[in-house]
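User: I am new to this structure and would like a close look at a single part of it. Please choose one loop residue with an unusual backbone angle, and then place it in its wider setting.

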Amino acid sequence: MSLTTIPTIQVEKVTTSRIQEVDFDNLVFGSVFTDHMFECDFVDGEWQKPTIKPYGPLEIYPSAKVFHYGQAVFEGMKAYKDDAGKVFMFRPVDNLKRINKSSHRMAIPEFPEALFFDAMHQLLEMDREWIKPGLGNSLYIRPFVIATQNGVSASPSNRYKFMIILSPVQAYYQGEVKVIIAENFSRAADGGVGYAKAAGNYGAQFYPTNLAKEKGFQQVIWTDANEHKYLEEAGTMNVFFRVNDTLLTAPTNDRILDGITRKSVIALAEKAGIDVEVRRVTVDEIVVAAKNGSLKEIFGAGTAAVISPVSAFSYKDETYGLQDQKDSFAKRFKKELTHIQHNLIADPFEWRYVVC
Ligand code: COI
């Protein structure tokens, strides 16, 4: 969506920052939020009254459609600070495109690109002290849209709220990541909303993921809903398999999120001359590869998770461990990606976006 004129963002600053209360060395992912947030309402067919104000509670009626029909989408992005204090984002245009694609699928109006970037610049500038330099530190950016029309008729809302909140973060996973391959539950079906960052896609995973956690596994790798034969994605990240020196990952489709970290890993791998096969990967071939020793690595890729190596997977009650690799692809991609994000190396792909 484009606008001929961008509405001016009204700004209300906090009187006292909360930053002194935060222990930046011990952050639990997504639990601390910065001083300010962005809010803009869709009313009478247009996005209006964009505002940056102190982070705080919303006043919203219990009949708002988001509570009843889950009409809500979100994004995950990050900002980074280099040692000179410059602030960057990573491929933010892709996130804007994706939230609008998700919105389209959920019958939510798209958000204008110019207003999105104006909001992002002003918000990050105002809360720039919350972005700490150094590898491992970043500011997680959570744009989201919710349906705010009052009324429980099962139809799309005619009012929405677009917001951006910011959370200083370190690692998403503390410690090892062990996964279970789904045999019964499904995340997404053909023709459904799996590719969208629709809130319900994530909520629906909590119960099966809790069952996995009870068995000592942190995540589920979802398989196709028809046969549970093909590996698709994990709860918070896309997945890669290294068999010998070939990297395998599922193609994106209407069930799988078009991950920005995923496509960045593919680009890095191809540039390094690594064989990449983007194709349907069967559970059986990965089990066979684990048994014959050719499965070297599994890792997840996502904005929050960055690159998270998987130390073991379970399938049909059998657990298969993965050994650390000296020439680990996961470590290599994580290093390259985070060094690009923190402005420590050249950025041949032009992924870095200077904010301020
Ligand atoms: C992200 O990587 O930004 C995600 O969307 C994962 C999130 C559910 C924590």
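Analyst: The residue to start from is A107, which sits in the loop between α2 and α3 (113-126); please keep in mind throughout that this is a predicted model. A107 is not a glycine, and yet its phi is positive, at about 60°. That deserves a remark because most residues other than glycine have a negative phi. As for its surroundings, A107 counts as partly exposed, with a relative accessibility of 41%, a value that falls between the 20% under which a residue is called buried and the 50% over which it is called exposed.

A second residue with a positive phi can be set beside A107. D317, also not a glycine, has a phi of about 65°, and its place is in the loop between β17 (306-315) and β18 (318-321). D317 is exposed, its relative accessible area being 73%.

From the loop that holds A107, one can step back into the helix that leads to it. Helix α2 covers residues 92-105, and N95 is part of that helix. With a relative accessible area of 3%, N95 is buried, since that value is under the 20% cut-off. The side chain of N95 has a polar partner, for it makes a polar contact with the side chain of E75 at 2.8 Å. When neighbours within four places in sequence are set aside, the residues in contact with N95 are E75, G76, M77, F90 and I260.

One of these contacts, I260, leads on to another element, as helix α6 spans residues 260-271. To see where that helix belongs, consider first the two strands on either side of it: β13 (residues 246-249) and β14 (residues 275-278) pair in the parallel sense, over four bridges, and within this pairing T246 has D275 of β14 as its bridge partner. Between these strands the chain passes through α6, going from β13 to β14 in a β-α-β crossover that is right-handed.

The widest view is that of the domains. The domain assignment divides the protein chain into domain 1 (10-169) and domain 2 (177-341), and the centres of the two, taken over C-alpha atoms, are 27 Å apart. The contact between them draws on 21 residues from domain 1 and 23 residues from domain 2. Together the two domains bury about 1,900 Å² between them, and 63% of that area lies on carbon and sulfur atoms.

Terms used. Residues are numbered from 1 along each chain as its sequence is written. This is a predicted model: local features need pLDDT of at least 70, side-chain atom pairs count only at pLDDT 80 or more; totals for chains, interfaces and linings use all residues. Side-chain values use heavy atoms; hydrogens and water are left out. Buried means under 20% relative accessible area, exposed over 50%, partly exposed in between (1.4 Å probe, protein chains only). A polar contact is a pair of N or O atoms within 3.5 Å; within protein, one must be able to donate a hydrogen and the other to accept it, and residues adjacent in sequence count only if both atoms are side-chain atoms. Contact means heavy atoms within 4.5 Å. Two strands pair if DSSP finds at least two bridges between them. A crossover is right-handed if, with the strands pointing away from the viewer, the path from the first strand over the helix to the second runs clockwise. Domain bounds come from an automatic or database domain assignment. Buried area is the accessible area (1.4 Å probe) that two parts lose on being put together, summed over both.
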